[in-house]
Amino acid sequence: RVVPQDDGILIAPADGLVQMIVDAVPPPELGLGEQPLTRVSIFLSVFAIAGLAFTVFMGKVCMGSVRHYFWARTDCVIESSAVNEGKDKARSGDATLEIRYTYRFNGRHYSGTGLRGDMPRTMDAGEALRAAQRYSAGTRTVCYVNPSSPAESTLERDSLWPLLFMAIPLVFIAVGVGGIIAVWRAKPIAAKPLSEQFRPGAGTW
């Protein structure tokens with residue numbers, strides 16, 4: 001948005017609803033003197049905006065986990081499975097799981113290397129070792145294949161517990177929207193238009 005530069009206008013710090021306009025002595029810490037000035041009180045919908053932004057962010061994160069539950073369950077065979085530990089195991093404790101499996105989908109043969117969703121192959125050494133034992137070479141198991149792109153697959157699907165965090169932004173949205181509705185339904189304290197109540201030259205805070 002472009003901030004208006006015209007004279008004789010008041011600019012709100014954010015989107016909101018004017019709640020009341022009264023003359024009041026500003027707080028001493030503002031250093032505006034002891035004379036009453038016009039005070040414009042605005043109800044800002046920061047809760048709703050923050051909640052909506054966080055919901056969009058969490059939605060994108062959760063979609064990465066949910067999408068694998070719509071993939072086709074397909075039989076596969078583990079061709080190879082090995083753990084490559086880091087050079088400095090004592091410091092990092094990380095390892096890379098090198099796994100490859102084959103599967104058949106819609107009459108064609110494919111090869112996959114994904115273990116769990118979009119999780120990177122570098123993980124805790126203990127977790128990598130357990131996964132290598134679980135999916136040792138020659139093991140017959142199932143994988144999940146993207147029907148629209150069969151070359152994309154994963155052996156395991158992500159947990160859905162992150163979806164519980166979606167409740168957090170919904171609370172913010174409920175508070176913000178509820179506050180806006182309450183302000184809209186409240187009886188206006190000042191019925192005159194802002195242009196009639198603001199006295200030019202008197203100042204505001």
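Where is the place of F57? F57 has its place in helix 1. The notes below concern a predicted model.

1. Overall make-up. The secondary structure of the chain comes to 5 helices and 8 strands. Read from the N terminus, the elements follow the order β-β-α-β-α-β-β-β-α-β-β-α-α. Of the 205 residues in the chain, 29% are buried. Taking contacts between residues at least 6 apart in sequence, 67% join residues at least 24 apart. The chain exposes about 13,600 Å², and carbon and sulfur atoms supply 59% of that area.

2. Nonpolar surface patch. F57 belongs to a nonpolar patch on the surface, together with F54, W161, L164, F165, I168, V171, F172 and V175. The accessible area of these residues together is about 890 Å². Two or more residues of the patch come from each of helix 1 (46–66) and helix 4 (167–185). Helix 4 gives the most, with 4 residues.

3. G178 and helix 4. The helix that gives the most to the patch also holds G178. G178 counts as partly exposed because its relative accessibility is 35%, and the partly exposed class lies between 20% and 50%. In sequence, G178 and A48 are 130 residues apart, yet the distance in space from C-alpha to C-alpha is 9.0 Å. A48 falls within the residue range of helix 1 (46–66).

4. Surroundings of S153. S153 sits in strand 8, which covers residues 153–154. With a relative accessible area of 11%, S153 is buried, since the cut-off for that class is under 20%. Its side chain makes polar contacts with two tyrosine side chains: one of 2.9 Å to Y101 and one of 3.4 Å to Y103. Leaving out residues up to four places away in sequence, S153 touches Y101 and Y103 as well as W71, G112, G114, Y144 and V145. Y101 and Y103 fall within the range of strand 4 (94–105), and G112 within that of strand 5 (108–112).

5. Cysteines without a bond. How many disulfides does the structure hold? The number is 0. A disulfide is a covalent bond between the sulfur atoms of two cysteines. For C76, the closest cysteine sulfur is that of C143, at 4.0 Å, which is too far for a bond. The cut-off is 2.5 Å between the sulfur atoms, so the pair is not counted as a disulfide. Seen from C143, the closest cysteine sulfur is likewise that of C76, at 4.0 Å. Both residues are buried: C76 has a relative accessible area of 3%, and C143 has one of 0%.

6. Backbone at N106. Most residues other than glycine have a negative phi. N106 is not a glycine, but its phi is positive, at about 55 degrees. Where does N106 lie? N106 is in the loop between strand 4 (94–105) and strand 5 (108–112). Is N106 buried or exposed? N106 is exposed, because its relative accessible area is 66% and the exposed class starts over 50%.

Note on methods:
Residues numbered from 1 in each chain as written. Predicted model: local features only at pLDDT ≥ 70, side-chain atom pairs only at ≥ 80, totals over all residues. Heavy atoms only, no water. Patch = residues over 30% accessible without salt bridge, like charges linked within 9 Å, V, L, I, M, F, W, Y side chains within 5 Å. Areas by Shrake-Rupley, 256 points an atom, 1.4 Å probe, with all protein chains shown as cover. Salt bridge = Lys/Arg side-chain N within 4 Å of Asp/Glu carboxyl O. Buried < 20%, exposed > 50% of the residue type's maximum accessible area, 1.4 Å probe, protein only. Polar contact = N/O pair within 3.5 Å; in protein donor to acceptor, adjacent residues only side chain to side chain. Contact = heavy atoms within 4.5 Å.
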